[in-house]
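Colleague: I'm new to reading protein models. Could you walk me through one, feature by feature?

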Amino acid sequence: MIIVMQPKAPKAQIDALLERIVKSGCKPYLTQGVERTVINVLGDLRTLEPERDWAAFPGIEQILRIQKPYKLASKEHAAQRTAIELDGVCFGDRDFVFIAGPCSVEGRTQVFEAASMLVQQGFKVMRASAFKPRTSPYEFQGLGKEGLKLLREVKKQTGLLVETEITDVRAVEWAPEYVDIVRVGSRNMHNSELLKEMGKLDLPVILKRGLSATIKEFIMAAEYILKSGNSKVIFCERGIRTYETTYRNTLDISAVIFLKHETHLPVIVDPSHAAGNRLLIPGLCRAALAAGADGLLVEAHPKPEQAFSDGAQSLGPEQLAEVRADLATLAPHFGRRLV
Ligand code: PEP
Ligand code: MN
């Protein structure tokens, strides 16, 4: 970290700051220019917040952080990229994992119809939410624990791996009994208590980007899960809120490239919640593959027009099959195997 003092900052102000730096366990190195003093601060600043805590010292003009605030997620701190293996499906390595399924678990008939659609088309992992964090409390809120039970039945009867969102710290401990992969939804990306609980699980966690989260905030949310002991974190870019209102959100494809560059964790893309419209899904899936994503999380429903939630962005059986066939052809060109 570099601290630039104001021109002609008095020695007493500099000394007071130096004392604080040393007290914090860091080493200050002074460079005395004609006009100003610049202090190089050496030490592990990840657990400190000098921008907030030291800024109150008089005489400071600017504090510049060089070190990144994340550690466990950072590529620099890992011997190799993280690959998460699960019953022959691998996130973060050669596989391009295509997860699909309905937005919500709506009931036995619907969830089994969805599962058989997926099995017929060769899918290995199904998504479906039992807990629905809806924008309006008057909309369908999900079946809760009953939904989890249905997912466990689907898993038993079809052999599909099942993935679902957990919205509440109280439900985290139920997850291993019912599902294979858990998800932190966008609205909960900033819920540090939930992230810490997810860190106690031995299940892969798909961490979705918050509605307006910066990349730094996104990585710091992963850091919470990693720090609590769970190394199986998968980033999911799902679009962010921008000035553009034509789509539900704007898919930040740069995030895929940047996260793969900056961290060692797998990155997948949810084009459905980014687009809000099934028209855009095939192209966004291709973009995700080309950008280097490790997989997709796509909403698909046996009868989208009857879906309890997000029907407009859900693919029907035919379109789902078309997208899958397209990606199966393209994946090997990017060194990937479609799963
Ligand atoms: C979902 O995937 O079911 C969902 C609610 O998406 P998001 O958290 O990205 O809004
Ligand atoms: Mn949805």
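Modeller: Sure, let's start with a single residue. Pro176 is found in helix 6, which spans residues 175-178. Keep in mind that this is a predicted model.

Colleague: Is Pro176 buried, exposed or partly exposed?

Modeller: To answer that, look at relative accessible area: under 20% is called buried, over 50% exposed, and anything in between partly exposed. Pro176 has 46% relative accessibility, so it counts as partly exposed. You can also look at what lies across from a residue in space. The C-alpha atoms of Pro176 and Leu203 are separated by 7.2 Å, although the two residues are 27 residues apart along the chain.

Colleague: Okay, and what about the whole chain? How many helices and strands does the chain have?

Modeller: There are 12 helices and 15 strands. Take the C-alpha atoms along the principal axes, and they fill a box of roughly 75 × 45 × 40 Å. Of the 339 residues in the chain, buried ones make up 50%.

Colleague: Now the metal. Which residues coordinate the manganese ion (ligand 2)?

Modeller: With a metal, you look for the atoms that coordinate it, and then for where their residues sit in the sequence. Here the manganese ion (ligand 2) is coordinated by Cys103 through SG, His273 through NE2, Glu299 through OE and Asp310 through OD, at 2.0 to 2.4 Å. Along the chain, these donors follow the spacing C-x169-H-x25-E-x10-D. Glu299 lies in strand 14 (residues 295-299) and Asp310 in the loop between strand 14 and helix 12 (317-330), so this pair ties together parts that are 11 residues apart in sequence.

Colleague: Are Glu299 and Asp310 buried or exposed?

Modeller: Both are buried. Glu299 counts as buried because its relative accessibility is 0%. For Asp310 the relative accessible area is 19%, so with a cut-off of under 20% Asp310 is buried as well.

Colleague: What else does the side chain of Glu299 touch?

Modeller: For that, you check polar contacts between side chains. One of 2.7 Å joins the side chains of Glu299 and Gln313, and another, of 3.4 Å, joins those of Glu299 and Arg127. Arg127 is worth remembering, as it is also one of the residues around ligand 1.

Colleague: Then let's go there. Which residues are around ligand 1?

Modeller: The list is Arg127, Ser129, Lys132, Glu165, Arg183, Gly185, Ser186, Arg187, Lys208, Arg238 and His273. Spot the familiar name: His273 also coordinates the manganese ion (ligand 2). Once you have the neighbours, go down to atom pairs. A polar side-chain atom of Arg238 is 2.6 Å from an oxygen atom of ligand 1. For Ser186 it is a polar backbone atom, at 2.8 Å from an oxygen atom of ligand 1. Arg183 has a polar side-chain atom 3.1 Å from an oxygen atom of ligand 1.

Colleague: How much of ligand 1 does the protein cover?

Modeller: On its own, ligand 1 has 300 Å² of accessible area, and the protein covers 97% of that. Ligand 1 sits in the second largest pocket.

Colleague: Can we zoom in on Arg183? Where does Arg183 lie?

Modeller: Arg183 lies in strand 10 (residues 181-184). Its relative accessible area is 2%, so Arg183 is buried. Its side chain also has a protein partner: a polar contact of 2.8 Å joins it to the side chain of Glu163.

Colleague: I've heard about backbone angles too. Which residues have a positive phi?

Modeller: Phi is a backbone angle, and here we look for positive values in residues other than glycine. Two examples: phi of Lys8 is near 60°, and phi of Asp310 is near 55°. Lys8 is found in the loop between strand 1 (2-5) and helix 1 (11-23), while Asp310 is found in the loop between strand 14 and helix 12. As for accessibility, Lys8 counts as exposed, at 65%, whereas Asp310 is buried.

Colleague: One last try, then. Is Glu237 buried or exposed?

Modeller: Glu237 counts as buried, at 0% relative accessibility. You'll find Glu237 in strand 12 (residues 233-237). From C-alpha to C-alpha, Glu237 and Glu146 are 28 Å apart in space, and they are 91 residues apart in sequence.

Key. Residues numbered from 1 in each chain as written. Chains lettered and ligands numbered in written order. Predicted model: local features only at pLDDT ≥ 70, side-chain atom pairs only at ≥ 80, totals over all residues. Heavy atoms only, no water. Donors = N, O, S within 2.8 Å, 3.2 Å for Na, K, Ca; no water. Helix = DSSP H or I, 4+ residues; strand = E, 2+ residues; numbered from the N terminus. Buried < 20%, exposed > 50% of the residue type's maximum accessible area, 1.4 Å probe, protein only. Near = heavy atom within 4 Å. Polar contact = N/O pair within 3.5 Å; in protein donor to acceptor, adjacent residues only side chain to side chain. Areas by Shrake-Rupley, 256 points an atom, 1.4 Å probe, with all protein chains shown as cover. 1 Å grid on protein atoms, 1.4 Å probe; cavity = no way out; pocket = protein on both sides within 12 Å on 5 of 7 lines; lining within 4 Å. Sits in = over half its atoms within 2 Å of the grid points.
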